[in-house]
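Q: Please choose one single part of this structure and take me through it slowly, explaining each term as it comes up.

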Amino acid sequence: YHHRWFFRRNYFYKPSVVISGDNLYLFFPRRVDKGSVKIVVRSVSIAKFDSVFKPRLLCSVPLPPPVHGSSLMCETLVNAPELRRRFDVDVLKMSTATSIDDIAKFRLRKVAGLALTYMKLAGRLLTRRYDICYLAVTCYGLGFLKDAPFVLLCKLFCRNVVLHQHNKGMDGCRRRFPYRFMLPWVYRHTSVILLSERLYPDIEAVVSHDRVRICPNGIADLAPSGVKAGNGRPRLLFLSNLIPAKGVIDMLDALSILKREGRDCECIFAGNPSADIDEARMASEIASRGLEDRVRYIGPVYGDAKDRLVEGCDLFVLPSHGECLPLVILEAMRASRAVVATDVGAIADLVEEGRSGLLCPSKDPRALAEAMGRLVADPELRDAMGRRGRENFAANFTVDAFTGRVIQILSNTEYA
């Protein structure tokens, strides 16, 4: 056992270790003067000894607020009891935004907060010797430029840096200045955790495959009520932030197509409004398509209210233009609800085409309407797909499975 305890002044020899019952005894040979050595005995409980010799782990991650997939998964991980049992954990919050709209905006308050966070990180790295630094980072755009100093500081003081990516977009910016220089510099000599093998092509020009580990997301397993939604007409649910990239307008266009075809259904939109699509624009878009009788926007929902909303729908729909591994689909699978989604990112790892849901191309309202219409018209198929999605979730995408995979990756890291 090599630790700073053993190398205090005048201790020149390796100690002997004896375990007896619940205690561990350390025998230190200590030189008193020339030709004279005495044995110093120290006793410590095995539990305390184990806590002292845990590998030190620094988690530099985004945490809520704002609430989004990456911050939720990071919060789940750093609060996991098993992680705390296996590692001596320090947590540093990287995020400076306070809301979804605030993420991409420049504010002096955020700049000051970011500078303070850099200084906090430097202080911790200077005063504590970490075996592993774990960071959840953005791999493109201004988010990457903000996160890069965190990674470089950790690489300066720690030889084992693990980067967990809950996003994609590196391939679209890696040829531009300054990313073509900074990306290889930041990612050199790091391990990278991706949510799916399907996301590797996005980073393959910068990160070799032997440094990549795969760890899909997971959420807490809540036993489904087993009660069918029981709505008078099939109820569809869109649950995400109201931003164009989530396919909000595509969804409204698809619902308009279903109305023209005589398909009777209703849809609930739930999520935070944004600068691009606020409550006023959402109401205008609904009215312009004549969907007031079948579409409602109810604003953001959280916690138990969100769980009840998911269980109260017949079909979950996510027509996003770009995703990695969205948690909202896992929430629908947990509730035994069939899913219609676009085939982007790693969604195909969650939604098995024709078994637990249907996939369609992004930005294609006609294809989306056809997929929704097929399941609106066939309640038995919806129920069967929901059951298979629940089985897939329970086997692969629980929070215990997620934290277990991350802990295994960190435990397999060769730390000094």
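A: What follows is a close look at one residue, Arg294, after a short view of the whole chain.

The model is predicted, so local features are described only at pLDDT of at least 70 and side-chain atom pairs only at 80 or more, while totals for chains, interfaces and linings use all residues. Residues are numbered from 1 along each chain as its sequence is written, and side-chain values use heavy atoms, with hydrogens and water left out.

The chain has 15 helices and 15 strands, which are DSSP runs of at least four residues (H or I) and at least two residues (E), respectively, numbered from the N terminus. Of its 416 residues, 48% count as buried, meaning under 20% relative accessible area with a 1.4 Å probe and protein chains only. Among contacts (heavy atoms within 4.5 Å) between residues at least 6 apart in sequence, 69% join residues at least 24 apart.

Within this chain, Arg294 is found in the loop that runs between helix H9 (279-288) and strand E12 (295-297). Arg294 is buried and yet has no salt bridge, a term that requires a side-chain nitrogen of Lys or Arg within 4 Å of a carboxyl oxygen of Asp or Glu. The nearest side chain of opposite charge belongs to Asp264, 4.2 Å away; here Lys and Arg count as positive and Asp and Glu as negative, while His and the chain ends are not counted.

Asp264 is also one of the contacts of Arg294 once neighbours within four places in sequence are left aside. The others are Arg233, Leu258, Lys259, Arg263, Cys265, Glu266 and Cys267.

Conventions. Buried < 20%, exposed > 50% of the residue type's maximum accessible area, 1.4 Å probe, protein only.
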